[in-house]
Amino acid sequence: MRPAADPFFDAYDRDDVAYGEHPSAPLEAYLHQVGGSGPALDLGAGAGRDTVALARAGFDVTAVDLSARGLARIRERAENESLAERVKTQVADVRDVQFPDATLAAVVATTVLDHLPETDARRVWRAMCQSLAVGGVMYVEVHTTEDPGCPDPPGRDRHAPISETASAVINYFLPNQLAAWAADPESRLRILRYEERLEWDYTHGPEHLHGKAILLAARADTLPDWYGQPEAFPKIGD
């Protein structure tokens, strides 16, 4: 039975878990090239596609989500992959998270900031940036105004299927808005990869279209061994 307090219970309870089990592609590429260690935070972790990837790469991850069922799936997956010691879960609103200062090796927020009012999203963003340690990495995805679920143009003028969870997105990002946040000197970030794109989603509900902005960034005082996605000019041999 679906608990009233868990609006995402159905999405994370089924066998073909919503949003899939594979990590976000740019994050996966970064982890493959750079690896990782130290404390990490996965905000809006869902059923753990990024949490498990971070733990597998060597991070000690705290997964935060409103869905207790999603976090239970994360613990199940971590146990099955012998990663339980590297994964902790916390049922919480991301606005209530206590971010440590300059401590985290990685912060992930996949479709989280767009689920918050803009004032709250900016506050959480600043906390995320301030929490990164030297050498830390950040991965963020948000829905943009290109999304057919957006009540404003150009998204609303697209004749494309809309996600059945579109009503949960309340803060569609304008073109270049996420990039501008990352480029602000106060964010103390170096942008490694940024793109705005359309993508078809088949991982939950009927097929539908999304407009997304995707950011991969490191703290400004470091440049990791990043060769792009796909790797453009990697070192060959020793």
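In this predicted model, a residue counts as buried when its relative accessible area is under 20% and as exposed when that value is over 50%, with partly exposed in between. That cut-off is handy for the salt-bridge views below.

**View 1. Asp 93 and Arg 95 join their side chains in a salt bridge.** The nitrogen-to-oxygen distance here is 2.8 Å. Asp 93 has a relative accessible area of 19%, and because the limit for buried is under 20%, Asp 93 is classed as buried. Its partner Arg 95, at 29% relative accessibility, counts as partly exposed.

**View 2. Arg 69 and Glu 76 form another salt bridge.** Look for the side-chain contact of 3.4 Å, N to O. Here the arginine is the buried partner: Arg 69 has a relative accessible area of 18%. Glu 76 is partly exposed, with a value of 38%.

**View 3. A salt bridge links Asp 221 to Arg 219, and other charged residues build a network.** The distance from N to O between Asp 221 and Arg 219 is 2.4 Å. Arg 219 is buried, at 11% relative accessible area, whereas Asp 221 is partly exposed, at 45%. A set of salt bridges with shared partners connects Glu 141, Arg 193, Glu 195, Arg 197, Glu 199 and Lys 212 into one network. The count of salt bridges comes to 14.

**View 4. Seven strands make up an open sheet with mixed pairing.** Reading across the sheet, the order is E3-E2-E1-E4-E5-E7-E6. Which strands stand at the edges? They are E3 (87-91) and E6 (189-201); each has a single partner strand, so one side of each is left without a neighbour in the sheet. On average, neighbouring strands are turned by 15 degrees against each other, direction ignored.

**View 5. Strand E2 runs parallel to E1 and to E3.** E2 spans residues 59-65 and is joined to E3 by five bridges, while six bridges join E1 to E2. To find your way between the strands, start at Val 61: this residue stands opposite Val 87 in E3, and Val 61 is also the bridge partner of Ala 40. Further along, Val 64 stands opposite Gln 90 of E3. Five of the seven residues of E2 are buried, so E2 is largely enclosed by the rest of the structure.

**View 6. Two β-α-β crossovers lead the chain from E1 to E2 and from E2 to E3.** From E1, the chain passes through H3 to reach E2, in a right-handed crossover. From E2, the path goes through helix H4 (residues 68-80) to E3, and this crossover is right-handed too.

**View 7. Helices H3 and H5 pack against the strands.** Helix H3 (residues 49-57) lies across strands E1 (38-43), E2, E3, E4 (104-110) and E5 (132-143). H3 runs at about 165 degrees to E2. Helix H5, residues 118-131, packs on the sheet and touches E1, E4, E5, E6 and E7 (208-219). The direction of H5 makes about 150 degrees with that of E5.

Terms used:
Residues numbered from 1 in each chain as written. Predicted model: local features only at pLDDT ≥ 70, side-chain atom pairs only at ≥ 80, totals over all residues. Heavy atoms only, no water. Salt bridge = Lys/Arg side-chain N within 4 Å of Asp/Glu carboxyl O. Buried < 20%, exposed > 50% of the residue type's maximum accessible area, 1.4 Å probe, protein only. Pairing = 2+ DSSP bridges. Helix = DSSP H or I, 4+ residues; strand = E, 2+ residues; numbered from the N terminus. Axes fitted to C-alpha atoms, helices over the stretch in contact; angles between N-to-C directions. Contact = heavy atoms within 4.5 Å. Right-handed = clockwise from strand over helix to strand, strands pointing away.
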